[in-house]
Amino acid sequence: MKHTGPISGVATLGEDFVATAGYDNQVILWDAGTGDPLHRVFHDHLANQCTFSPSGGFLATASSDYTARIWDVPSLRLRAVLNGHDDDIEMVAVSPDSTRVATCSRDHTVGVYDLDGRRLHRLRGHEADVISVAWDAGGVKLITSSDDGTVRSWDAVDGLEIGRVELDGVETDTIAVSDRGVIYAGNDEGEIVVIRDGAPDRVPAHRAGVKRVMLSGSGNLLASLSYDRTLMLWSVGAAGELTRFATSDLPPIVWPRSCAFLGRSKVVFGTFGSKYATYDYVTDGWDVSGIEAPSGFNAVAHLDGSVYAIGDAGALHRDGVAVRDLGSLCNFLLPLDRHLVTGGQLGICFDAMTGERLYQHNSPLNCAAAFERDGVSHVVVGAYTGEGIVFRQEEGRLVHLRNLRLHDNAVKGVAASADTIFSVCATGAAAWHRIDDFSRVAQVEDAHDKIANGCATLPPNRFASISRDLRLRIWDGQRSRICTTPSHNSIKCIAASRDGRYIACGTYVGVIMVFDVHTGQWTHVSRPVASGISCITVAPGEGTFTASSYDGKLHTVRVGQGGPA
């Protein structure tokens with residue numbers, strides 16, 4: 001019994017149990033003393049977060065299947081399913097008296113439920129995805145943070161908004177609320193915003209966005225996790241002020257998305273592997289023993305007649321055989337001449353063919369595209385912090401040239417034509433930059449209604465993009481043709497045939513779809529795997545694509561003159 005995909009959520013119950021929620025849809029209950037798995041259950045899609053009730057009687061979980069669920073502890077018998085959201089539920093929080101559960105969702109709303117699954121309130125007001133929710137100590141207020149750059153307070157009894165703190169449009173992914181009502185919010189600029197009586201005080205903390213803040217059970221310690229791959233521990237003063245007393249670099253296997261205090265001296269973390277990791281802040285020691293590396297692939301590419309794939313374990317595979325260990329979860333593979341550019345969670349850009357480290361960035365890396373400038377091959381790599389990291393080929397090597405500001409948020413996809421770099425962002429925005437001088441030509445803030453996940457080039461100078469909004473957009477200049485897709489789930493990846501006629505897309509539930517640009521029809525829809533499609537790329541052979549999936553398999557799709565084969 002183990003996880004086979006990244007662990008996105010972790011929770012503790014005293015010193016007895018640890019619970020983990022994973023991108024393999026699993027929720028696993030562990031014996032905190034021995035580290036052994038006890039029980040597991042499943043959601044129908046990604047399990048995002050989990051939390052124990054203060055009473056210890058149940059575990060609540062949040063999922064991308066649009067539900068939250070309540071499970072008895074320790075049996076994990078399903079007690080209730082919380083329905084009513086229209087998009088991924090990012091987090092759940094249980095009231096101090098363990099009688100109600102609050103949910104927050106990418107549908108911009110917050111739900112309040114009883115333990116039988118009846119929705120008591122649906123809180124509306126946020127203008128973007130709601131990422132974090134917490135109860136106050138009395139159980140009468142809810143605190144939420146959203147991608148709209150606000151932290152809001154709600155009356156949990158009547159469901160009305162009763163307070164709002166504007167954070168200058170800076171997104172905040174995580175909040176924690178002390179017994180004294182002090183709010184700690186971690187933002188995308190690496191700050192912890194301490195909010196007392198509605199007044200924010202910014203504490204510089206990390207070199208990249210803060211992804212999780214967590215208070216200890218006693219409330220005298222705060223942990224913060226960041227994409228700069230550090231853990232910081234803070235002592236909490238009588239007035240809620242923070243004093244940093246410890247910092248630790250995260251082991252490569254740790255995903256800085258979630259953590260929880262365990263006992264008097266430990267913190268547990270989600271990982272990219274089979275189980276959780278533990279840090280003892282008294283001895284400054286990490287325990288990552290027994291964590292198996294994941295086997296799934298995040299990216300696939302063709303080069304010199306071979307098929308290469310890489311994933312969460314950082315192991316580069318060639319034609320099905322592991323040939324190099326890069327030691328970092330990698331999100332993309334880009335062939336360029338004799339190079340194979342990759343990178344991921346550690347922020348390191350590699351040439352996977354040689355293992356050479358090309359550049360160290362201060363946030364994870366998402367995607368890449370190749371282009372020519374003045375007759376010389378270049379690469380642009382998209383980062384979580386909104387930059388495009390540009391490399392130039394010199395004497396057979398890739399050399400860092402400059403960092404280009406593409407967006408103010410995570411770059412989710414990048415593509416290039418002869419004269420333009422096109423990119424899409426986690427905010428749903430799209431941008432165009434000139435290759436000759438890297439100046440911005442245009443930006444469309446509402447290119448997609450939700451997170452844009454990828455883009456591709458349609459020769460000679462058009463682009464296509466896909467999103468969580470389930471739409472394919474084909475861009476001619478800054479105007480787009482909207483193509484409704486057959487998908488009912490978020491679209492993860494996109495590729496276009498070399499002649500631009502066919503566009504292939506993959507979804508988080510394993511569906512591959514092919515769109516014929518000439519006819520305007522979806523000519524192929526299949527589900528070769530239950531696991532999600534992580535990447536799709538053009539393969540040798542006319543109308544042929546290769547897709548990778550999160551279960552470590554590769555899939556071929558062929559589209560001939562007579563249709564899909």
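The legends below describe four close-up views of a predicted model.

**View 1. Strand β15 with its two antiparallel neighbours, β14 and β16.**
Strand β15, which covers residues 150-155, is mostly covered, since five of its six residues are buried. With strand β14 (residues 141-146) it pairs in the antiparallel sense over five bridges, and in this pairing Ser145 has Val151 of β15 as its bridge partner. Strand β15 also pairs with strand β16 (residues 161-166), again in the antiparallel sense and over five bridges, and here Val151 stands opposite Val165 in β16. In a regular strand the side chains alternate between the two faces of the sheet.

**View 2. The turns of the two hairpins that contain β15.**
The hairpin of β14 and β15 has three residues between the strands, and Gly149 in this hairpin takes a positive phi near 80 degrees. In the hairpin that β15 forms with β16 there are five residues between the strands, and Gly159, which lies in the turn, has a positive phi of about 80 degrees.

**View 3. Salt bridges around Arg164, and the pair Glu90 and Arg106.**
The count for the model comes to 31 salt bridges. A network of salt bridges links Asp148, Arg152, Glu161, Arg164 and Glu166. Within this network, the side chains of Arg164 and Glu161 meet at 2.9 Å, N to O, while those of Glu166 and Arg164 meet at 3.9 Å, N to O. Arg164 is partly exposed, with a relative accessible area of 43%, and Glu161 is partly exposed as well, at 29%. Elsewhere, Glu90 forms a salt bridge with Arg106, and the closest N and O atoms of this pair are 3.1 Å apart. This salt bridge links distant parts of the chain, 16 residues apart, with Glu90 in strand β9 (residues 89-94) and Arg106 in the loop between β10 (100-105) and β11 (110-114). Both Glu90 and Arg106 are buried.

**View 4. Two cysteines, Cys330 and Cys367, without a disulfide partner.**
A disulfide is a covalent bond between the sulfur atoms of two cysteines. The count of disulfides in this model comes to zero. The sulfur of Cys330 has its closest cysteine sulfur in Cys349, 9.1 Å away, and this is too far for a bond because a disulfide needs the two sulfur atoms within 2.5 Å. Cys367 is likewise in no disulfide, the nearest cysteine sulfur being that of Cys455, 7.0 Å away. Cys330 counts as buried, at 0% relative accessibility, and Cys367 is buried too, with a relative accessible area of 9%.

Technical notes:
Residues numbered from 1 in each chain as written. Predicted model: local features only at pLDDT ≥ 70, side-chain atom pairs only at ≥ 80, totals over all residues. Heavy atoms only, no water. Buried < 20%, exposed > 50% of the residue type's maximum accessible area, 1.4 Å probe, protein only. Salt bridge = Lys/Arg side-chain N within 4 Å of Asp/Glu carboxyl O. Helix = DSSP H or I, 4+ residues; strand = E, 2+ residues; numbered from the N terminus. Pairing = 2+ DSSP bridges.
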